[in-house]
Structures are given as C-alpha cells and as structure tokens.
Amino acid sequence: MTAISEAIKTIKEAENNADELVNDSKAKSVEMIENAKLESDNIIKDAKESAKDQAKDIIFKIEENARKEARLIIDKTEKKCQYF
C-alpha cells in the first residue's frame with residue numbers, strides 16, 4: 001500500500017509541476033508578445049521619424065534647386081530686357 005500511495009504522491013507532484021510549467025510558459029509567452037509589440041511600435045515610430053526627416057531633406061533640396069533655377073531665369077530675363 002505504501003508503494004501505491006508513494007506513486008500517487010509522485011504523480012500528483014508531477015501533475016503540479018506540469019501545471020506550473022504550463023502556467024509559467026503562458027505567462028512568458030504573454031510577456032514575449034507584449035515585448036514584441038512594444039519593440040515593433042518603437043521600430044515603426046523610428047521609421048516614421050526617419051521618413052519625415054528624409055522628406056524634409058528632399059523638399060529642402062528641391063526648393064533650393066527651384067530657387068537656383070528661378071534665379072537663372074530671372075538673370076537671363078533681365079539680360080534680355082537690357083537690350084530693349
């Protein structure tokens with residue numbers, strides 16, 4: 001009888017350990033998912049900021065080129081007008 005009660009005790013301990021392991025695994029997976037979401041949010045935020053900065057640089061360069069071109073056109077027009 002002692003062997004049976006020892007076996008039952010061992011089985012219960014194993015079940016408890018298994019339940020604990022499952023619960024720990026669930027908690028860890030929830031934590032990992034939350035961390036992944038936070039990290040992806042940060043990556044998206046950084047990418048948006050980088051895209052905004054790049055857009056500002058592109059717009060600045062385009063405006064600068066447009067000003068240069070406008071200046072050339074104005075200079076050219078002024079030279080043509082001097083002949084009249």
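What radius of gyration does the protein have, and what would a compact globule of 84 residues have? The protein has 36 Å, whereas a compact globule of 84 residues would have a value near 12 Å. The radius is taken over C-alpha atoms, and the globule rule is 2.2 Å times the number of residues to the power 0.38. This is a predicted model, in which local features need pLDDT of at least 70 and side-chain atom pairs count only at pLDDT 80 or more, while totals for chains, interfaces and linings use all residues. Residues are numbered from 1 along each chain as its sequence is written, and side-chain values use heavy atoms, with hydrogens and water left out.

The secondary structure consists of one helix and zero strands. Helices (H or I, at least four residues) and strands (E, at least two) are DSSP runs, numbered from the N terminus. Helix α1 spans residues 2-82. Taken along the principal axes, the C-alpha atoms fill a box of roughly 125 × 10 × 10 Å.

Distances between C-alpha atoms can be followed along the chain. N17 and A3 are 14 residues apart along the chain, and their C-alpha atoms are separated by 21 Å. For E64 and K80, 16 residues apart in sequence, the C-alpha to C-alpha distance is 24 Å. R71 and K45 are 26 residues apart in sequence and 39 Å apart in space, again from C-alpha to C-alpha. Between Q82 and E20, 62 residues apart along the chain, the C-alpha separation is 92 Å. N17, E64, R71 and Q82 each lie in helix α1.

The next topic is the surface. Of the 84 residues, 0% count as buried. Buried means under 20% relative accessible area, exposed over 50%, and partly exposed in between, with a 1.4 Å probe and protein chains only. The accessible surface of the protein comes to about 8100 Å², of which 60% belongs to carbon and sulfur atoms. Accessible areas come from the Shrake-Rupley method with a 1.4 Å probe, and for residues only the protein chains shown count as cover. Two residues of the helix serve as examples of the exposed class: N17, with a relative accessible area of 51%, and Q82, at 64%.

Which residues form a nonpolar patch on the surface? M1, I4 and I8 do, with about 370 Å² of accessible area together. Patches are made of residues with over 30% relative accessible area and no salt bridge; like charges are joined within 9 Å, and nonpolar side chains (Val, Leu, Ile, Met, Phe, Trp, Tyr) within 5 Å. I8 belongs to helix α1 and is partly exposed, because its relative accessible area is 44%.

A negative surface patch is formed by E15, D19, E20 and D24. D24 is found in helix α1 and, with a relative accessible area of 48%, is partly exposed. Over the whole protein there are 16 positive and 19 negative charges, and the mean positions of the two sets are 13 Å apart. Lys and Arg count as positive and Asp and Glu as negative, while His and the chain ends are not counted. The place of a charge is taken as NZ of Lys, CZ of Arg, CG of Asp or CD of Glu.

Side chains of opposite charge can pair when their charged atoms come close. How many salt bridges does a search of the whole structure find? The search finds two, a salt bridge being a side-chain nitrogen of Lys or Arg within 4 Å of a carboxyl oxygen of Asp or Glu.

One salt bridge joins the side chains of K68 and E64, at 3.6 Å from N to O. K68 and E64 are four residues apart in helix α1, so about one helical turn separates them. Both partners are partly exposed: K68 has 48% relative accessibility, and E64 has a relative accessible area of 29%.

The side chains of D75 and R71 also meet in a salt bridge, at 3.0 Å from N to O. D75 and R71 are likewise separated by about one helical turn, because they are four residues apart in helix α1. D75 is partly exposed, with a relative accessible area of 30%, and R71 is partly exposed at 43%.
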